[in-house]
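Biologist: I should like a close look at a single part of this model, with its contacts set out in order. Please give one connected account that I can follow against the structure.

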Amino acid sequence: MRINQYSVSVMEIMIEDEEEFLRFVRPKLPLLKGYLLNLKGDVTPKIEDFLQAHGLQYIKNTEISTIRHAKRSKNSVEVYDRIIRSGEEINTHNSVICLRKVNDGALIRTVSNFIAIGRVDGTIEANGDFLIFKKGPKGKIIFHNMILDDLVEGRVYKIHLENNEIIIEEIKEENGNNIFDN
Amino acid sequence: MGIIFSIISGKGGVGKTTTAANLAIGTAMQGKKTVVVDFDIGQRNLDMILGLENRVVYDITHVMDGDVRLRQALIPFKKNENLYFLAASQTKDKTVLNKEKVEKVLSELKKEFEYIFIDAPAGIESGFEHAVYFADAVIVVVNPEVSSIRDSDRAIGIVDAKSKKSQEGKRVAKYLIINRINPDLVQKGEMLSSEDILDILEIDLLGKVPEDQIIIEASNTGHPVILNEKSEAGRAFKRISRRLCGEEVPFVDIESVKHSGLLKSIKKMFQ
Ligand SMILES: Nc1ncnc2c1ncn2[C@@H]1O[C@H](COP(=O)(O)OP(=O)(O)OP(=O)(O)O)[C@@H](O)[C@H]1O
Ligand SMILES: [Mg+2]
């Protein structure tokens with residue numbers, strides 16, 4: 001007997017409307033290839049044909065029991081006081097604070113939290129408790145394997161987990177200004 | 001001791017060699033003892049742009065290998081006595097470069113010249129790394145398009161991570177030249193504006209150079225545009241050269257479309 005053990009990233013999607021689902025999936029094909037899709041709701045033949053044609057892996061209406069990882073030990077913080085430029089990749093267990101911008105083509109991956117004072121145009125993948133950043137036109141944000149693609153450019157967001165749910169909040173000053181603008 | 005300026009871009013074909021040739025002539029015209037070195041080993045171009053292709057006997061690899069002395073490989077630029085040129089090899093490839101050899105040649109050049117321009121190869125491979133390793137400053141040439149900006153951003157990141165000065169905790173000065181600006185396209189919003197580019201790269205603007213047909217003719221005739229009073233790009237390179245020599249030269253707006261009064265009013269009639 002031989003046993004291989006893998007961790008897979010599962011993306012659970014509740015399908016309510018065939019077209020809406022295809023619209024969501026189409027632009028993200030390369031990214032979604034890294035996931036096992038667990039589709040809930042009405043998985044129509046058209047959807048199945050589409051997924052198979054593009055080589056996406058999926059299961060239907062399956063209840064997956066997940067093991068919640070024990071709370072991480074307190075990590076430390078990495079502070080970057082420079083522009084994170086295209087081509088740079090930061091992979092870390094620590095929380096990341098960027099005092100300047102994260103440019104398009106840069107990648108920051110942390111199992112912990114992420115804060116950027118400057119605009120984010122790069123890709124952020126974080127799995128901690130929260131993220132705070134200002135969304136640039138090209139910023140790509142992935143939090144606990146969810147691609148957050150309806151964030152609005154120029155806004156400052158706080159994104160956090162609450163009872164396993166992702167909460168997206170916009171941060172504004174009392175006068176309605178964007179807090180990082182001045 | 002001279003200053004080494006490496007001219008870089010990330011993306012190829014944006015105008016590094018054109019910039020190197022013109023700025024080198026420009027600083028020589030300002031009275032600075034200048035040398036321009038082709039580091040694009042295996043794909044030399046600068047000799048043609050300078051109109052010196054018939055003069056190249058020895059190149060930088062001969063100097064590095066100790067076959068000839070530096071003096072024998074330096075080619076004087078006929079049109080200005082302050083300028084010399086060191087060619088790249090057309091037959092070898094970039095694997096002939098190594099840090100010790102490069103350092104030896106550059107430190108010799110630093111003793112002889114005030115301004116040393118290095119025409120770096122495109123990309124971010126080893127040839128590029130050698131071209132920026134000993135730089136005191138880099139001049140980043142971009143075209144106003146997103147792919148050029150992103151590639152140059154990457155090249156800047158590598159300079160900050162890998163050049164000798166950066167590794168010693170010192171700052172490598174970084175200057176931006178935006179080349180091939182087409183005012184019509186900027187106005188129509190089809191080209192990135194200088195503000196957009198500076199907002200992304202956040203390095204100091206050294207100058208803007210317009211798209212100019214004369215540059216293409218100049219490349220073929222070996223008579224760089226800075227020597228041509230009629231060329232708008234030539235005048236832009238002249239302003240940049242003066243800035244490099246420490247002069248305060250105001251920035252000229254080359255991004256707004258210039259219509260003659262008559263043309264403007266005719267255009268209005270048809271709007
Ligand atoms: N401002 C300009 N207006 C018009 N043509 C230009 C301008 N600048 C450069 N060119 C043209 O663009 C082409 C590429 O220029 P050049 O060889 O200087 O680029 P490069 O960055 O050195 O390229 P490579 O990466 O291949 O070394 C040439 O044909 C040149 O004549
Ligand atoms: Mg070139």
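**Ligand 1 and the side of chain B that touches chain A**

Modeller: An oxygen atom of ligand 1 lies 3.0 Å from a backbone N or O atom of B:G15. The model is a predicted one, and every distance in this account is computed from it. The backbone takes part again at B:V14, where a polar backbone atom is 3.2 Å from an oxygen atom of ligand 1. At B:N179 the side chain is involved: one of its polar atoms lies 2.9 Å from a nitrogen atom of ligand 1. Of the 630 Å² that ligand 1 exposes when taken alone, the protein buries 81%. There are 17 residues around ligand 1, and those that come nearest are B:G13, B:K16, B:T17, B:T18 and B:N179.

From the ligand I turn to the contact with chain A. Chain B brings 12 residues to this contact and chain A brings 11 residues. The area buried between the two chains is about 890 Å², and carbon and sulfur atoms give 34% of it. On the side of chain B, the residues that lose the most area to chain A are B:R150, B:D153 and B:E202, which together make up 49% of what that side buries.

The polar side of this interface can be described pair by pair. Across the interface of chain B and chain A there are 10 residue pairs in polar contact, with both residues at pLDDT 80 or more. Two elements of chain B, helix 7 (146-162) and helix 10 (194-201), each give two or more residues to the side that touches chain A. Helix 7 of chain B gives the most, with seven residues. By character, the residues on this side of chain B divide into five nonpolar, one polar and six charged.

Side chains of opposite charge can pair when their charged atoms come close. Over all chains the structure holds 33 salt bridges, and five salt bridges are found across the interface of chain B and chain A. B:E202 forms a salt bridge with A:K101, at 3.7 Å from N to O. The side chain of B:E202 also meets that of A:R100 in a salt bridge, at 2.7 Å from N to O. This latter pair crosses between chains, from B:E202 in the loop between helix 10 and strand 8 (204-210) of chain B to A:R100 in the loop between strand 6 (95-98) and strand 7 (107-110) of chain A.

Definitions and conventions. Residues numbered from 1 in each chain as written. Chains lettered and ligands numbered in written order. Predicted model: local features only at pLDDT ≥ 70, side-chain atom pairs only at ≥ 80, totals over all residues. Heavy atoms only, no water. Contact = heavy atoms within 4.5 Å. Buried area = accessible area lost by both parts, 1.4 Å probe. Salt bridge = Lys/Arg side-chain N within 4 Å of Asp/Glu carboxyl O. Polar contact = N/O pair within 3.5 Å; in protein donor to acceptor, adjacent residues only side chain to side chain. Helix = DSSP H or I, 4+ residues; strand = E, 2+ residues; numbered from the N terminus. Nonpolar A, V, L, I, M, F, W, Y, C, P; charged D, E, K, R; others polar. Near = heavy atom within 4 Å. Areas by Shrake-Rupley, 256 points an atom, 1.4 Å probe, with all protein chains shown as cover.
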